[in-house]
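This report describes how the strands of the molecule pair with one another. The sequence and the structure are shown below.

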Amino acid sequence: QQQQQQQQQPPGDRAGEHCWLVPGIVVKCVAKSLGADYYKRKGDTVAVSAGGRAATVRMHGSGDELLLDATHVQTVLPRPGGTVVVLRGARAGERGALERVDVDRFVAAVRLERDGAVLEGLEYEDISKAAA
């Protein structure tokens, strides 16, 4: 049965690779098909569905709520010192402060609120700005 479940997953969907959406983060809409009112605009995830593959996003400014697929949004990084949520890995779900960003390697370091541990080398898509 486990083998059957693995075969049903879409290609490239290993270990929850696409199931990263959680409520309470800021995302940016990257779907041109949604038009100029939403393309490259940010919003807060207010609810998640389809096992983390889709989210209801309340757009900043307009307050419009859209149901968006995970492929139509991307993570947002705050300025250093801003609060982020870890989306993947052993510390997924934890909050912390963005310490620094390595723009050459596309990775960041985060100091976790819970125990002060610093997570180094987090890829941009593994963290996102926490919603206010």
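## Strands 1 to 3

In this predicted model, strand 1, covering residues 26–29, runs antiparallel to strand 2, covering residues 42–49, and three bridges join the two. Within this pairing, V27 has G43 of strand 2 as its bridge partner.

Strand 2 also pairs with strand 3, which spans residues 54–59, again in the antiparallel sense and over six bridges; here T45 has V57 of strand 3 as its bridge partner. Strand 2 and strand 3 form a hairpin with four residues between them, and in the turn A50 has a positive phi of about 55°. As background to these pairings, strands of a sheet pair through backbone hydrogen bonds, in either a parallel or an antiparallel arrangement.

## The five-stranded sheet

An open sheet of five strands follows the order 9-8-7-6-10, and its pairing is antiparallel. Strand 9 (118–123) and strand 10 (127–129) stand at the edges of this sheet, and because each has a single partner strand, one side of each is left without a neighbour in the sheet. From one strand to the next, the twist averages 45°.

## Strands 8 and 9

Which strand do four bridges join to strand 8? Strand 8, made up of residues 107–112, is joined in this way to strand 9, and the two run antiparallel. Along this pairing, V110 stands opposite L119 in strand 9. When following side chains along such elements in the display, it helps to recall that in a regular strand they alternate between the two faces of the sheet.

Key. Residues are numbered from 1 along each chain as its sequence is written. This is a predicted model: local features need pLDDT of at least 70, side-chain atom pairs count only at pLDDT 80 or more; totals for chains, interfaces and linings use all residues. Side-chain values use heavy atoms; hydrogens and water are left out. Two strands pair if DSSP finds at least two bridges between them. Axes are lines fitted to C-alpha atoms, for helices over the stretch in contact, and angles run from 0 to 180 degrees between N-to-C directions.
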